Amino acid sequence: MAEGRAQRARGEHDHEAADRGAPGRSAFDLALFDLDFTLIPSDSGLRWARFMVAEGVLPGGSDEAYLNVCRSYVAGRIDIETLHAFAARTLLAVDADAIPGLQARFEAAVRAELPAAARDLVAQHLEAGELCCIVTTTNEIVARPYARAFGIPNLLASVPACEDGRFCGAYVGALCHGAGKVARVEDWLRGSAAQGGVSRPRRSIFYSDSASDLPLLEWADEAVAVRPDARLRAHAELRGWRIIDAPA
């Protein structure tokens, strides 16, 4: 990661002449946000589960079953892949063609719940003309309504797989988690460059609450720990990173 940062620093001179004095130039080209416990003060999968139970789509108790699996993950009894396989298999137990309507209703339900501080933070980056993206382990079915509600145009998330029009509990490729987030961001930027977009940001910032995001936090030019877990807090203090402890 240090080598990648050095390469970006060496390449900065390639952009400097074009960037200097450019109208509307912002402090960051790229603003990345984790979702759960960063932009929102809770688990998006649990909020989706409760929504699906309230809609009558999932049987009662599905939300508690998911919460129990989350507790097992936090306790170290299962790994992240097992947790998200359960989420895809259980919380997406519907025909794929029913998803757009459910997402629209879910977006309407969560829009009023978005923390004002998080809305303001995102708005500052958007209004500065920065390229904004949510980068989350949450599956894209659940995360997309949050991205739309925040007005964030780009989303990198885990991709649940379908078989015969139903979600099967598997994922397309690796989860968007840990070092996988770095790979997803870099692939996305390369794809953007191929379409005439940004290939490499001059400066980037990433907000997260979790030590599992240390690979992407180290990749970014500025890392911000948002109500961090104990491991991330210790690392952030050691590195001198900004820490946001204000309530969402």
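This tour goes through three helix packings and then the largest pocket of a predicted model.

**First stop: α5 and α7**

Begin by selecting helix α5, residues 99–111, together with helix α7, residues 140–150, whose axes lie 9 Å apart and pack at an angle of about 50 degrees. Angles of 65 to 115 degrees would count as roughly perpendicular and those under 35 as roughly parallel, and α5 and α7 are therefore oblique to each other. Their crossing is right-handed. To see the contact itself, show the side chains of I99, Q103, A104, F106, E107, V110 and R111 on α5, and on α7 those of E140, I141, V142, R144, P145, Y146, R148 and A149. Coloured by class, this contact of α5 with α7 shows nine nonpolar residues, five charged and one polar.

**Second stop: α2 against α5**

Keep α5 in view and add α2, which spans residues 44–54. The axes of α2 and α5 are 11 Å apart, and the two helices pack at an angle of about 110 degrees, which makes α2 roughly perpendicular to α5. On the α2 side, select S44, R47, W48, F51 and M52, which meet I99, L102, R105, F106, A109 and V110 of α5. The contact of α2 with α5 comprises eight nonpolar residues, two charged and one polar.

**Third stop: α2 against α7**

Now hide α5 and bring α7 back beside α2, where the two axes come within 10 Å and cross at roughly 95 degrees. At that angle α2 is roughly perpendicular to α7. Four residues of α2 can be picked out here, S44, G45, R47 and W48, and they meet I141, V142 and Y146 in α7. Sorted by class, the contact of α2 with α7 holds four nonpolar residues, two polar and one charged.

**Last stop: the largest pocket**

Finally, display the surface and turn to the largest pocket, which has a volume of about 660 Å³. Its lining consists of 30 residues, and a useful selection for centring the view is D36, F37, D43, Y73 and L83, the closest of them to the pocket centre. Which elements give two or more residues to this lining? They are the helices α2 (44–54), α3 (62–74) and α4 (80–91), along with the strand β2 (131–139). Colouring the lining of the largest pocket by class separates twelve nonpolar residues, eleven polar and seven charged. Helix α2, already examined in its packing against α5 and against α7, thus reappears here as one of the contributors to the pocket lining.

Note on methods: Residues numbered from 1 in each chain as written. Predicted model: local features only at pLDDT ≥ 70, side-chain atom pairs only at ≥ 80, totals over all residues. Heavy atoms only, no water. 1 Å grid on protein atoms, 1.4 Å probe; cavity = no way out; pocket = protein on both sides within 12 Å on 5 of 7 lines; lining within 4 Å. Points joined across faces, edges and corners; volume = space filled by probe spheres on them. Nonpolar A, V, L, I, M, F, W, Y, C, P; charged D, E, K, R; others polar. Axes fitted to C-alpha atoms, helices over the stretch in contact; angles between N-to-C directions. Parallel < 35°, antiparallel > 145°, perpendicular 65-115°, else oblique. Left-handed = near helix turned anticlockwise from the far one by under 90°. Contact = heavy atoms within 4.5 Å.
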